[in-house]
Amino acid sequence: MSTNQLLLEAIALKKCVTAVYNGVAMKLAPHVLYTKNNALFIDAITVEKHGEPPREKKLGAIHLQGLNDLQITDSHFEIDELFEPEAEKYEGAALFKISA
């Protein structure tokens, strides 16, 4: 399964993914797949970093080119209040967003 297909499935089913991003093992809750400067990104909540919960919860932009060893997990997540689906940065750029 391609990276895009895996992320679309994870977003649609509200399932976390594991990946290595810029050399760091992470567990992510992806909320949206979008384009920016002709590149693909996801905005996701980091659930784990190096196997530990992050010090601060935030919605981060992740460049797909930096993702490696991407796998979907059985862990479900809920839509986080930090995610603003109507944010200006997604207008005309969002390919797929999480839905309630």
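In this predicted model, Leu8, Leu95 and Phe96 form a nonpolar patch on the surface. Together the three residues offer about 240 Å² of accessible area. Phenylalanine 96 belongs to strand β6, which spans residues 94-97. The relative accessible area of phenylalanine 96 is 31%. That value places phenylalanine 96 in the partly exposed class, because this class lies between the limits of 20% and 50%. Patch residues must have over 30% relative accessible area, and phenylalanine 96, at 31%, meets this cut-off.

Charged contacts were examined next. Side chains of opposite charge can pair when their charged atoms come close. The count comes to four salt bridges. One of them joins lysine 89 to aspartate 43, with the closest N and O atoms 2.8 Å apart. This pair links distant parts of the chain. Lysine 89 sits in the loop between β5 (67-76) and β6, whereas aspartate 43 sits in strand β3. The two residues are 46 residues apart. Their exposure was also computed. Lysine 89 is partly exposed, at 44% relative accessible area. Aspartate 43 is buried, with a value of 2%; the class follows because buried means under 20%.

Lysine 57 takes part in further pairing. Its side chain meets that of aspartate 80 in a salt bridge, at 2.8 Å from N to O. Lysine 57 lies in the loop between β3 and β4, and aspartate 80 in the loop between β5 and β6, so the salt bridge ties together parts that are 23 residues apart in sequence. With a relative accessible area of 43%, lysine 57 is partly exposed. Aspartate 80 is buried, at 13%.

A salt bridge also connects lysine 57 with glutamate 81, where the N to O distance is 3.6 Å. Here, too, distant parts of the chain are linked. Glutamate 81 lies in the loop between β5 and β6, and lysine 57 in the loop between β3 and β4, 24 residues apart. Glutamate 81 counts as exposed, at 67% relative accessibility, because the exposed class begins over 50%. Lys57, Asp80 and Glu81 are joined into one network by salt bridges that share partners. The network thus includes buried aspartate 80, partly exposed lysine 57 and exposed glutamate 81.

The largest pocket was then characterised. About 240 Å³ of space lies within the largest pocket. Strands β3 (39-49) and β4 (59-63) are the elements that give two or more residues to its lining. The lining consists of Met26, Ala44, Thr46, Lys49, Pro54, Arg55, Glu56, Lys58, Gly60, Ala61 and Ile62. By class, five of the lining residues are nonpolar, two are polar and four are charged. Gly60 is part of this lining, and Gly counts as polar in the classes used.

Alanine 19 provides a further reference point. Alanine 19 is placed in strand β1, residues 15-21. At 5% relative accessibility, alanine 19 counts as buried. Between alanine 19 and aspartate 43, the C-alpha to C-alpha distance is 14 Å. In sequence, alanine 19 and aspartate 43 are 24 residues apart. Aspartate 43 is likewise buried, at 2%, and it is the salt-bridge partner of lysine 89.

Notes. Residues are numbered from 1 along each chain as its sequence is written. This is a predicted model: local features need pLDDT of at least 70, side-chain atom pairs count only at pLDDT 80 or more; totals for chains, interfaces and linings use all residues. Side-chain values use heavy atoms; hydrogens and water are left out. On a 1 Å grid over the protein atoms alone, a cavity is a set of points where a 1.4 Å probe fits but cannot get out, and a pocket is an open set with protein on both sides within 12 Å along at least five of seven lines; lining residues have an atom within 4 Å of a point. Grid points are joined across faces, edges and corners, and a volume is the space filled by probe spheres set on the points. Helices (H or I, at least four residues) and strands (E, at least two) are DSSP runs, numbered from the N terminus. Patches are made of residues with over 30% relative accessible area and no salt bridge: like charges are joined within 9 Å, nonpolar side chains (Val, Leu, Ile, Met, Phe, Trp, Tyr) within 5 Å. Accessible areas come from the Shrake-Rupley method with a 1.4 Å probe; for residues, only the protein chains shown count as cover. Buried means under 20% relative accessible area, exposed over 50%, partly exposed in between (1.4 Å probe, protein chains only).
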